[in-house]
Amino acid sequence: MAANIWIIVAAVLFLNKGECQEAVLHVSNGALHKDYCLVYNSSWSNISDSLSDAVKYELVNLTSSLLCDGGTVKPGFLDGKAVAVMRGDCTFSQKAQVAQGLGAAVLLITSKDAMATPSANDTEYGKVKIPLALMRYSDFLDARKVFPDKMEVQLFAPPIPPFDVSIIVMLALAVFTIAMGGFWSGAVERAKQNAGPSLPGAEERADSGDVTLYSPLKVLLFVVLMCGMLVLMYFFYKWLVYVIIVIFCLASATALYSCLNAIANAVGCSKLNVWCGERSCSVRSLLLAAVCITLAVVWGVYRNEDRWIWVLQDLLGVAFCLHFMKTITLSNYKICVFLLSLLLIYDVFFVFITPFLTPNGESIMVQVALGPGAGGEKGDGSVVIPADPSPSYEKLPVVMRVPRFSAWAQNLCVMQFSILGYGDIIVPGLLVAYCHRFDVWIGSNRIYFISCTIAYCVGLAVTFVVMLLSRMGQPALLYLVPFTLITSAVVALSRKEFRQFWAGTTYQVLDSSREPLIPDGEAAYPRSVRKC
């Protein structure tokens, strides 16, 4: 029965094709060819779904005309040809009927403004028999430069399967980050444990920069601050976005340095210390710092180059998440449950509830994540494509982005991405990191760490399946939080370690057969060192 269910789900995901409102204009002249973005109405214009089946037409340039009437065009001049005209002064259907009456086979309307899906009154649809599409005027000018002598065009709209390989890439990227962040946190905890209970070691831990969340009140304040920041970003996006960009550059450079330095230490790379008087300087540290700062600056300068900058943003994002999961630690499972439950409510509220509170019916979470000027598909199935292919708005660097490789026509218009917020990695990642630290404390064979990582992978896969079946974005924490919390609790209960798992900290999980790491008695704790 279960196998049959998965077969049905797979059939829906892989075989179902989505109707798009973007198409491809294939311009050629002999061996030279180039593709451009088109926007059309699939219920109005019948366009081939493949280039091999698309009819080739000679393109006539009438962009000096609005073609609201055919008085200036010689009879027979457009017979069997595609014609490009300027947008304005009359409706799309009127232009199409004039072009159709002059014998044109295709009408391309060039636009200097943002392009929405062309539409008309219901009575007008049946009168237009030729394909009609909008294209950017800037694209048309580019085509004239590339093909100055003659242009032949073909129109086609490749169907989009709802499942895209970018989802697999995103799943692998997120699980890798979760696993490596949890592994790193556990490795740091093991190193601390191996360092012994000496007081100098405790001072080193205090100076390490790690932050432990152990108070429910602090967790609550943290979540309240997140809510306030998200609301501020919604209302003051165009100013605060630059603050977030600067913070991301600094934080990601620091995080990348921490990751690369840890890798260099792990492989035994020499620090190459150079002495200058009484002070030493590490050549390795200088080189790593230079690389990290350079990458952060490159991202800051070219952050809107969507065609390739996503690779660098994801690299910096992975480093940021890893460093966060290693630096911020949760003291016990009780704090994990409290934090993840609050953030689950936060995620669901800002994705599902806020559309009922905003003027445009869009969720605050989606608008902040994608930016207020993001083009693309709207809720009613129509599309809005900006006139300038270069983004005119800033986007928050708070998501992993992988291009939708199968969305060929859409990527010509506006790059389409599968996205996953950093919070959907970091928040469950804090639980995964706690599980690995607990494994270290009790000396288990990473059973908690591995189980929680697998639960995250399954939960994220379920998130993507629901998203594809419902064809709408999902709050990932709605699925990730139950999967990871329940799985780790079941493991603890099955091993009869739930009380220790709930309480946490190395001193509370020790049983009577093991000596405590620090002797009993308050005298063993100087005032500067706090007992766990």
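The side chains of Glu497 and Tyr448 are joined by a polar contact of 2.6 Å. This is a predicted model, and Glu497 is a good place to enter it. Glu497 sits in the loop between helix H16 (477-494) and helix H17 (498-503). Is Glu497 buried or exposed? Its relative accessible area is 16%. The cut-off for buried is under 20%, so Glu497 counts as buried. Tyr448 appears again among the contacts of Glu497, together with Phe438, Ile442 and Ala492. That list leaves aside neighbours within four places in sequence.

Now turn to His26. His26 belongs to strand S1, which spans residues 22-29. At 10% relative accessibility, His26 is also under the 20% limit, and therefore counts as buried. Which side chain does the side chain of His26 meet in a polar contact? The partner is the side chain of Asp35, at 2.7 Å. Asp35 is one of several residues that His26 touches beyond four places in sequence. His33, Lys34 and Leu51 are also on that list. So are Glu152, Val153, Gln154 and Phe156. Gln154 shows how the chain comes back to His26. The two residues are 128 apart in sequence, yet their C-alpha atoms are 5.0 Å apart in space.

Next come two helices that cross. Helix H5 covers residues 165-194, and helix H10 covers residues 309-327. Their axes come within 8 Å. They cross at roughly 35°, and the crossing is right-handed. On the H5 side, the contact is made by Leu173, Phe176, Thr177, Ile178, Met180, Gly181, Gly182, Trp184, Ser185 and Val188. H10 supplies Asp314, Val318, Cys321, Leu322, His323, Met325 and Lys326. What classes of residue make up this contact? There are 10 nonpolar, five polar and two charged residues.

Helix H11 is the last stop. H11 runs from residue 333 to residue 353 and has 21 residues. From its first C-alpha to its last, H11 reaches 29 Å. That is close to the 30 Å expected at 1.5 Å a residue. Asn332 caps the N-terminal end of H11. A side-chain oxygen of Asn332 lies 3.2 Å from the backbone nitrogen of Lys334. Which residues of H11 are buried? The list starts with Tyr333, Ile335 and Cys336. It goes on with Leu339, Leu340, Leu342, Leu343 and Leu344. Tyr346, Asp347, Phe350 and Val351 complete the buried set of H11.

Conventions:
Residues are numbered from 1 along each chain as its sequence is written. This is a predicted model: local features need pLDDT of at least 70, side-chain atom pairs count only at pLDDT 80 or more; totals for chains, interfaces and linings use all residues. Side-chain values use heavy atoms; hydrogens and water are left out. Axes are lines fitted to C-alpha atoms, for helices over the stretch in contact, and angles run from 0 to 180 degrees between N-to-C directions. Helices (H or I, at least four residues) and strands (E, at least two) are DSSP runs, numbered from the N terminus. A crossing is left-handed if the near helix is turned anticlockwise from the far one by less than a right angle, and right-handed if clockwise. Contact means heavy atoms within 4.5 Å. Ala, Val, Leu, Ile, Met, Phe, Trp, Tyr, Cys and Pro count as nonpolar, Asp, Glu, Lys and Arg as charged, and the others, Gly among them, as polar. Buried means under 20% relative accessible area, exposed over 50%, partly exposed in between (1.4 Å probe, protein chains only). A polar contact is a pair of N or O atoms within 3.5 Å; within protein, one must be able to donate a hydrogen and the other to accept it, and residues adjacent in sequence count only if both atoms are side-chain atoms. The expected span of a helix is 1.5 Å times one less than its number of residues.
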